[in-house]
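Thank you all for coming this morning. I would like to walk you through one model, slowly, and please keep the picture in view while I talk.

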Amino acid sequence: MTLTPFAEFALLLLAAGLGALFVRLRQPVLIAYIVSGIALGPAGLGLVKAHDQVALLAQIGVTVLLFIVGLKLDL
């Protein structure tokens, strides 16, 4: 089964919804993200194959996170 990169991103966003289930079960959300990443990545089911696009999205996310942290800092 071949998915388009947009379908893979949608699948990753739905997998992030697993975090809501973990919150209701009073478990750490980070564990839910790790479990869904392993399950969907090449080590698990292998559904996500757009590695370059996912890496770019991850770098943009880290950049935005660092920018927001920089805005919160008091000099």
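**A walk around one helix**

Let me begin with H51, which counts as partly exposed because its relative accessibility is 46%, a value that lies between the cut-off of under 20% for buried and the cut-off of over 50% for exposed. Please keep in mind throughout that what we are looking at is a predicted model. H51 lies in helix α4, which covers residues 51-72. If we compare H51 with F22, the two are 29 residues apart in sequence, and their C-alpha atoms are 26 Å apart in space.

Now let me turn to α3, which runs over residues 29-40, and which will take up most of my time. This helix has 12 residues and reaches 17 Å from its first C-alpha to its last, which is close to the 16 Å expected at 1.5 Å a residue. Which residues of α3 are buried? They are A32, S36 and L40, and because they cover an arc of only 50 degrees around the axis, they sit on the same side of α3. What covers these buried residues includes α1, residues 5-16, and α2, residues 18-24.

We can take S36 as one of these buried residues and look at it with some care. S36 lies in helix α3, and it counts as buried because its relative accessibility is 11%, where the cut-off for buried is under 20%. Leaving aside residues up to four places away in sequence, S36 touches A15 and L18.

And what does the face of α3 turned away from its buried side carry? That face carries the exposed residues L30 and I38. L30 has a relative accessible area of 57%, and therefore it is exposed, given that the cut-off for exposed is over 50%. L30 and I38 also take part, together with I31, Y33, I34 and V35, in a nonpolar surface patch of about 570 Å².

Before I finish, let me step back along the chain to R26, which is found in the loop between α2 and α3. Its phi is near 60 degrees, which is a positive value in a residue other than glycine. R26 counts as exposed, because its relative accessibility is 78%.

So, to return to α3 one last time, please look for A32, S36 and L40 among the buried residues, and for L30 and I38 on the face turned away from them.

How values were computed. Residues are numbered from 1 along each chain as its sequence is written. This is a predicted model: local features need pLDDT of at least 70, side-chain atom pairs count only at pLDDT 80 or more; totals for chains, interfaces and linings use all residues. Side-chain values use heavy atoms; hydrogens and water are left out. Patches are made of residues with over 30% relative accessible area and no salt bridge: like charges are joined within 9 Å, nonpolar side chains (Val, Leu, Ile, Met, Phe, Trp, Tyr) within 5 Å. Accessible areas come from the Shrake-Rupley method with a 1.4 Å probe; for residues, only the protein chains shown count as cover. A salt bridge is a side-chain nitrogen of Lys or Arg within 4 Å of a carboxyl oxygen of Asp or Glu. Helices (H or I, at least four residues) and strands (E, at least two) are DSSP runs, numbered from the N terminus. Buried means under 20% relative accessible area, exposed over 50%, partly exposed in between (1.4 Å probe, protein chains only). The expected span of a helix is 1.5 Å times one less than its number of residues. The arc is that of the directions from the helix axis to the C-beta atoms. Contact means heavy atoms within 4.5 Å.
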